[in-house]
Amino acid sequence: MKAVVWHGKRDVRVDEVPEPRIEEPTDAVIRVTSTGLCGSDLHLYEVLTPFMTPGDILGHEPMGVVTEVGSAITDLRPGDRVVVPFQIACGSCFMCERGLQTQCETTQVREQGTGAALFGYTKLYGSVPGGQAEYLRVPQAHYGPVIVPPDVPDDRYLFLSDVLPTAYQAVAYADVPKNGTLAVLGLGPIGDMCCRIALRQGARQVIGIDLVPERMARARARGVTTLDVTGKDDVVEAVRDLTDGRGADSVVDAVGMEAHGGTAGKLAQNLGGLLPGRAAEKIAGKAGVDRLSALYLAVDLVRRGGTISVSGVYGGMADPMPMLTLFDKQIQLRMGQANVRRWVPDILPLLAGDDPLGADDFATHHLRLDQAPDAYAMFQRKETGKVVLRV
């Protein structure tokens with residue numbers, strides 16, 4: 001079968017690889033019909049290369065049709081159309097029962113000291129072959145896959161795999177008060193969807209902050225107040241002007257480790273990528289740093305006693321945090337990978353109706369699987385919004 005395979009920094013290719021098969025009684029195999037390209041994939045393309053191995057199959061946002069199920073699977077059968085969450089969870093352990101599927105005790109990658117295994121996402125999370133492929137083996141398929149209707153376009157349900165639950169959790173963690181203001185840093189796919197969800201849930205004002213004109217125009221069209229972070233706007237003062245001088249009640253950092261403006265962090269990240277494989281992995285795992293300009297900006301933007309919700313991925317182990325300011329402003333800080341299955345029951349009714357979140361036209365580009373190398377390059381240059389690969 002064809003699959004998108006990592007070969008090195010900024011080097012992904014579509015290769016012929018063996019088709020997956022059932023390995024455990026709780027496995028299923030799906031024929032992938034659509035699969036998303038995520039901002040998190042760009043971290044593998046650029047920053048997290050020390051944890052990658054040539055030959056890794058990428059991707060963690062797939063949906064498709066079940067072709068085969070293991071002997072222990074009773075709720076799926078061949079022909080079912082499913083969306084596959086990006087994390088692999090059992091549904092019955094201590095953590096899963098508490099809605100913390102990203103911490104699943106059955107699939108935790110203990111040798112790396114990390115949480116639940118993820119599809120297509122480095123040895124830190126199990127090196128599980130990903131979903132940017134023609135077929136995908138799905139472990140823990142008795143719990144993970146979400147059966148969806150057979151008669152609507154893929155895009156209506158595809159984003160249940162990651163974008164929708166990640167944005168839904170980010171807004172929930174932001175804990176926007178009634179009639180409050182939410183500022184969203186980064187208007188890529190996750191930040192864009194955060195704005196839509198917050199407005200749907202009744203936020204009085206949503207302020208989107210970015211540097212890409214097309215992203216800001218897209219958000220403005222849905223009622224978001226936008227600010228340009230490149231210097232055209234004094235963002236901190238502008239947000240205070242919009243919030244009676246206090247700052248936003250809540251802030252979502254949807255940018256993460258590769259924020260613009262983090263010159264020192266970028267240099268450190270690039271130096272790590274120049275070291276030999278084992279040395280780079282050791283350095284990144286013990287002394288890695290992030291570009292923290294987005295997180296620092298969030299600290300400046302949030303009002304005293306407010307909440308910061310971090311959905312953008314950070315991977316540094318030696319990041320300098322502004323602890324004095326965090327403590328003095330009494331800021332609440334919540335973060336983490338989205339617990340997909342925790343939020344599915346809340347999101348499904350929105351997809352079954354009149355599409356209030358705009359899932360049907362959320363993707364800006366649809367490309368073939370064999371165009372994946374070009375898709376990665378364009379997405380990395382911010383020439384696209386959400387990319388969906390058709391298989």
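This passage describes the fold, the cores and selected residues of a predicted model.

The protein chain contains 13 helices and 15 strands. Its C-alpha trace spans about 60 × 50 × 40 Å along the principal axes. The radius of gyration of the protein chain is 20 Å. A compact globule of 391 residues would have a value near 21 Å, so the two agree. Of the 391 residues, 55% count as buried. Many contacts link distant parts of the sequence: among contacts with a separation of 6 or more, 71% are between residues 24 or more positions apart.

The accessible surface of the protein chain comes to about 16,600 Å². Carbon and sulfur atoms account for 51% of that surface. The protein chain carries 40 positive and 48 negative charges. The mean positions of these two sets lie 3 Å apart.

The interior was examined next. The largest nonpolar core has 71 residues. Helix α4, residues 163–174, gives the most to this core, with seven residues. The residues with the most contacts inside the core are Leu58, Phe159, Leu160, Met193, Cys194, Val252 and Tyr376. Phe159 shows what such contacts look like. Beyond its neighbours within four places in sequence, Phe159 is in contact with Leu164, Pro165, Ala359, Phe362, Ala363, Lys386 and Val388. A second, separate core has 22 residues, including Ala183, Leu185, Ala248 and Leu301.

Leu301 also belongs to helix α10, which covers residues 293–301. The buried residues of α10 are Ala294, Leu295, Leu297, Ala298, Val299 and Leu301. Several elements cover these buried residues. Among them are the strands β8 (181–185), β9 (205–210), β11 (248–253) and β12 (302–310). The helices α7 (235–241) and α11 (323–328) also take part in this cover.

Helix α13 runs from residue 372 to residue 380. Its buried residues are Ala372, Ala375, Tyr376, Ala377 and Phe379. Tyr376 is also one of the residues with the most contacts inside the largest core. Asp374 lies in the same helix, α13. Is Asp374 buried or exposed? Asp374 is exposed, because its relative accessible area is 51% and exposed means over 50%. The C-alpha atoms of Asp374 and Glu237 are separated by 39 Å, and the two residues are 137 residues apart along the chain. Just after α13, Lys382 takes a positive phi of about 60°.

Positive phi values also occur in a loop. Most residues other than glycine have a negative phi. Asp175 is not a glycine, yet has a positive phi of about 55°. Asn179, also not a glycine, has a positive phi of about 65°. Asp175 is placed in the loop between α4 and β8, and Asn179 lies in the loop between α4 and β8 as well. Asp175 is exposed, with a relative accessible area of 52%.

Gln140 offers a loop residue with another setting. Gln140 is found between β6 (135–138) and β7 (146–147). Its relative accessible area is 15%. Gln140 therefore counts as buried, since buried means under 20%. Which residues does Gln140 touch, not counting those up to four places away in sequence? They are Thr26, Asp27, Ile88, Ala89, Cys90, Thr106, Thr107 and Pro145.

Key: Residues numbered from 1 in each chain as written. Predicted model: local features only at pLDDT ≥ 70, side-chain atom pairs only at ≥ 80, totals over all residues. Heavy atoms only, no water. Buried < 20%, exposed > 50% of the residue type's maximum accessible area, 1.4 Å probe, protein only. Helix = DSSP H or I, 4+ residues; strand = E, 2+ residues; numbered from the N terminus. Contact = heavy atoms within 4.5 Å. Core = buried A, V, L, I, M, F, W, Y, C linked by side-chain atoms within 4.5 Å. Rg over C-alpha atoms; globule rule 2.2 N^0.38 Å. Areas by Shrake-Rupley, 256 points an atom, 1.4 Å probe, with all protein chains shown as cover. Lys, Arg positive; Asp, Glu negative; His and termini not counted. Charge placed at Lys NZ, Arg CZ, Asp CG, Glu CD.
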